[in-house]
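Dear colleague,

Please find below the structure I am handing over to you, together with its sequence. My notes on what was found in it follow directly after.

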Amino acid sequence: MRIVLSNQLGIPIYEQIKEQIKTSVLSGELGEGIILPSIRQLARDLKVSVITTTRAYNDLELEGFIQSVPGKGCYVKKIDEKLIRGQYLKEARAALAIAIRQGKTAGLTMVELHKLLDETEEGAE
């Protein structure tokens, strides 16, 4: 598992760790039952605080990606596709709600917001 961190992104380090592990799990790179590095080992490897890696692992466990077994470590859980899809849908709705509020504050109409969404989607491919 390779994790690359950047202080230039404006994204908290724990969030970068969490998202990269989630991506590895969803892509199949990290399969069910794989043990993750210990919180302390990951902190040492990435040269971050234990608090940072603890936050990332705790969030991953809350989101259903890993399971912590006291005294044994953290393992990748079997992915419940329906649960994960629901979570991403919830996050997408929240992000869109923020974008709509900001767009309306900027004076954009819904037609302009739809056009902006289409342009953004085209640029993301």
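Glu63 is buried in this predicted model, since its relative accessible area is 15% and the cut-off for buried is under 20%. The Glu63 side chain takes part in a salt bridge with Lys22, at 2.9 Å from N to O. That pair ties together distant parts of the chain: Glu63 sits in the loop between H3 and S1, whereas Lys22 belongs to helix H1, 41 residues apart. Lys22 is buried as well, with a relative accessible area of 0%.

Glu63 also forms a salt bridge with Lys18, where the N to O distance is 3.0 Å. Here again distant parts of the chain are linked, with Glu63 in the loop between H3 and strand S1 (66-69) and Lys18 in helix H1, 45 residues apart. Both partners of this bridge, Glu63 and Lys18, are buried. For Lys18 the assignment follows because its relative accessibility is 6%.

Lys18 has a further partner in Glu15, and their side chains meet in a salt bridge of 3.4 Å, N to O. In contrast to the two links described above, Glu15 and Lys18 both lie in helix H1 (residues 13-27), three residues apart, which is about one turn of the helix.

How many salt bridges does the count come to? The count comes to six. Through shared partners, salt bridges join Glu15, Lys18, Glu19, Lys22, Arg55, Asp59 and Glu63 into one network.

A second feature is found on the surface. Leu96, Ile100, Met110 and Leu117 make up a nonpolar patch there, and their accessible area together is about 330 Å². Helix H4 (81-105) and helix H5 (110-123) are the elements that contribute two or more residues to this patch. Met110, one of the patch residues, is found in helix H5. Why does Met110 count as partly exposed? Its relative accessibility is 38%, and partly exposed covers the range between the limits of 20% for buried and 50% for exposed.

As to the overall architecture, the secondary structure of the protein chain consists of five helices and two strands. Read from the N terminus, these elements follow the order α-α-α-β-β-α-α. The C-alpha trace spans about 55 × 35 × 25 Å along its principal axes. The radius of gyration of the protein chain is 18 Å, while a compact globule of 125 residues would have one near 14 Å.

Buried residues account for 26% of the 125 residues in the chain. The accessible surface of the chain is about 8,900 Å², and carbon and sulfur atoms supply 56% of it. Of the contacts between residues at least 6 apart in sequence, 48% join residues at least 24 apart.

Finally, a word on confidence. The mean pLDDT of the protein chain is 91, and 98% of the residues reach 70 or more. Among the elements, helix H3 (residues 50-62) has the highest mean pLDDT, at 97, and H4 the lowest, at 86. H4 is also one of the two helices named above for the nonpolar patch.

Yours sincerely

Technical notes. Residues numbered from 1 in each chain as written. Predicted model: local features only at pLDDT ≥ 70, side-chain atom pairs only at ≥ 80, totals over all residues. Heavy atoms only, no water. Patch = residues over 30% accessible without salt bridge, like charges linked within 9 Å, V, L, I, M, F, W, Y side chains within 5 Å. Areas by Shrake-Rupley, 256 points an atom, 1.4 Å probe, with all protein chains shown as cover. Salt bridge = Lys/Arg side-chain N within 4 Å of Asp/Glu carboxyl O. Helix = DSSP H or I, 4+ residues; strand = E, 2+ residues; numbered from the N terminus. Buried < 20%, exposed > 50% of the residue type's maximum accessible area, 1.4 Å probe, protein only. Rg over C-alpha atoms; globule rule 2.2 N^0.38 Å. Contact = heavy atoms within 4.5 Å. pLDDT = per-residue confidence, 0-100.
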